[in-house]
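Please take me through this structure in the viewer, one selection at a time. Tell me what to pick next and what is there.

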Amino acid sequence: MSAEPVTAAGGFYEGGLRRVARVVLLDPRDRILLLHGHEPDDPADDWWFTPGGGVEGEETREQAALRELAEETGITDVALGPVLWRRRCSFPFAGRRWDQDEWYYLARTTRTVTAAATALTELERRSVAGARWWTCPELTGARETVYPTRLAGLLRTLLDEGPPARPVTLDTEIVR
């Protein structure tokens, strides 16, 4: 996939959407690393999600994926693979609506212990409660909210069939 620099003013938005790179990080046992997040002022309103975040400045999505992974987990020894999935989503968080165009990159690591997050934003410090490695069966049986909402099935397909030839476009998710 070719590198794609940001051309929008401020580096975050293009066409009204925040450009986001996320990482589907798998360990040698095919477990996926998810972060545990919550509304900053309501820890009971919580969910699990893949590491990642907004593209900054002139960086590519690939660079953003690796930077965000390092900032949020301390993990830097990864082999970044292809884009697996693309998703547009819209959701309320921290008192505003976020409209995002997310690309999910496959990555592998031999490291199974997350280090302390190295560079969380103030908002992330108030809303990220930790990280956990999940097996596919654990994810399938989870009662917690996980994003993207079909992650268990997507992971099962990935593990059974390998990465898709082209990125799969997921349904747009709008959370009210």
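## Start at a buried aromatic pair

Select Trp-47 and Phe-93: both are buried. This is a predicted model. Measure between the two rings. Their centres are 6.0 Å apart and their planes meet at 80°, so the pair is edge-to-face. Now colour by strand. Trp-47 sits in strand β4, Phe-93 in strand β6 (residues 78-93), and the pair links distant parts of the chain, 46 residues apart.

Add Trp-98 to the selection. Trp-47, Phe-93 and Trp-98 make up one aromatic cluster. Keep Trp-98 on screen and show Arg-96. Arg-96 lies over the face of Trp-98, 3.9 Å from the ring centre.

## A second pair on β6

Next, select Trp-85 and Tyr-104. How is this aromatic pair arranged: stacked, tilted or edge-to-face? The pair is tilted, at 5.7 Å centre to centre with 55° between the planes. Trp-85 belongs to strand β6 and Tyr-104 to strand β7 (residues 96-109), so the pair ties together parts that are 19 residues apart in sequence.

Check how far each one is covered. Trp-85 has 4% relative accessibility and counts as buried. Tyr-104 is buried too, with a relative accessible area of 0%. A search of the whole structure turns up 4 aromatic pairs.

## The largest nonpolar core

Keep Trp-85 selected and add Val-24, Ile-32, Leu-34 and Leu-139. These five touch the most other members of the largest nonpolar core, which has 19 residues. Which elements each supply at least two residues of this core? They are β2, β3, β6, β7, α3 (136-140) and α4. Helix α4 gives the most, with 5 residues.

A second core lies apart from this one. It has 15 residues, among them Val-23, Val-55, Ala-65 and Ala-107. For background, nonpolar side chains in soluble globular proteins tend to be buried together.

Now centre on Ile-32 and show its contacts. Leaving out residues up to four places away in sequence, Ile-32 touches several partners, including Val-24, Leu-25, Leu-26 and Thr-50. Further along the chain, its contacts include Arg-132, Trp-133, Trp-134, Leu-139, Leu-151 and Leu-155. Two of those partners deserve a stop of their own. Arg-132 lies over the face of Trp-134, at 3.8 Å from the ring centre.

## Strand β3 and its hairpin

Select residues 32-39, which form strand β3. Why is β3 described as largely enclosed by the rest of the structure? The reason is that 7 of its 8 residues are buried.

Add strand β4 (residues 42-49). Strands β3 and β4 pair in the antiparallel sense, over 5 bridges. A hairpin of 2 residues joins β3 to β4. To see the register, pick His-36 and look across: Trp-48 in β4 stands opposite.

## Three loops to visit

Go first to Asp-30, in the loop between β2 (17-26) and β3. Its phi is positive, about 65°, although Asp-30 is not a glycine. Is Asp-30 buried, partly exposed or exposed? Asp-30 has a relative accessible area of 29%, so it is partly exposed.

Then jump to Pro-148, in the loop between β9 (146-147) and α4 (151-161). Look at the peptide bond from Tyr-147 to Pro-148: it is cis, with omega near -5°. As a reminder, most residues other than glycine have a negative phi, and most peptide bonds are trans.

Finish the loops at Thr-60, between β5 (52-54) and α1 (61-73). Thr-60 has a relative accessible area of 10%; under the 20% cut-off, it is therefore buried. Add Arg-19 and draw the C-alpha to C-alpha distance. The two residues are 41 apart in sequence and 10.0 Å apart in space.

## Zoom out

Show the whole chain as a cartoon. There are 4 helices and 11 strands. Of the 176 residues, 45% count as buried. Switch to a surface view. The accessible surface comes to about 8,900 Å², and 51% of it belongs to carbon and sulfur atoms.

Last, consider the contacts in the chain with a separation of 6 or more. Residues 24 or more positions apart account for 70% of them.

Notes. Residues are numbered from 1 along each chain as its sequence is written. Side-chain values use heavy atoms; hydrogens and water are left out. Buried means under 20% relative accessible area, exposed over 50%, partly exposed in between (1.4 Å probe, protein chains only). Two strands pair if DSSP finds at least two bridges between them. Contact means heavy atoms within 4.5 Å. Accessible areas come from the Shrake-Rupley method with a 1.4 Å probe; for residues, only the protein chains shown count as cover. Rings of Phe, Tyr and Trp (its six-membered ring) pair if their centres lie within 6.5 Å; planes under 30 degrees apart count as stacked, over 60 as edge-to-face and the rest as tilted. A charge sits over a ring if NZ of Lys or CZ of Arg is within 6 Å of the ring centre and within 35 degrees of the ring normal. A nonpolar core is a set of buried Ala, Val, Leu, Ile, Met, Phe, Trp, Tyr and Cys residues joined through side-chain atoms within 4.5 Å.
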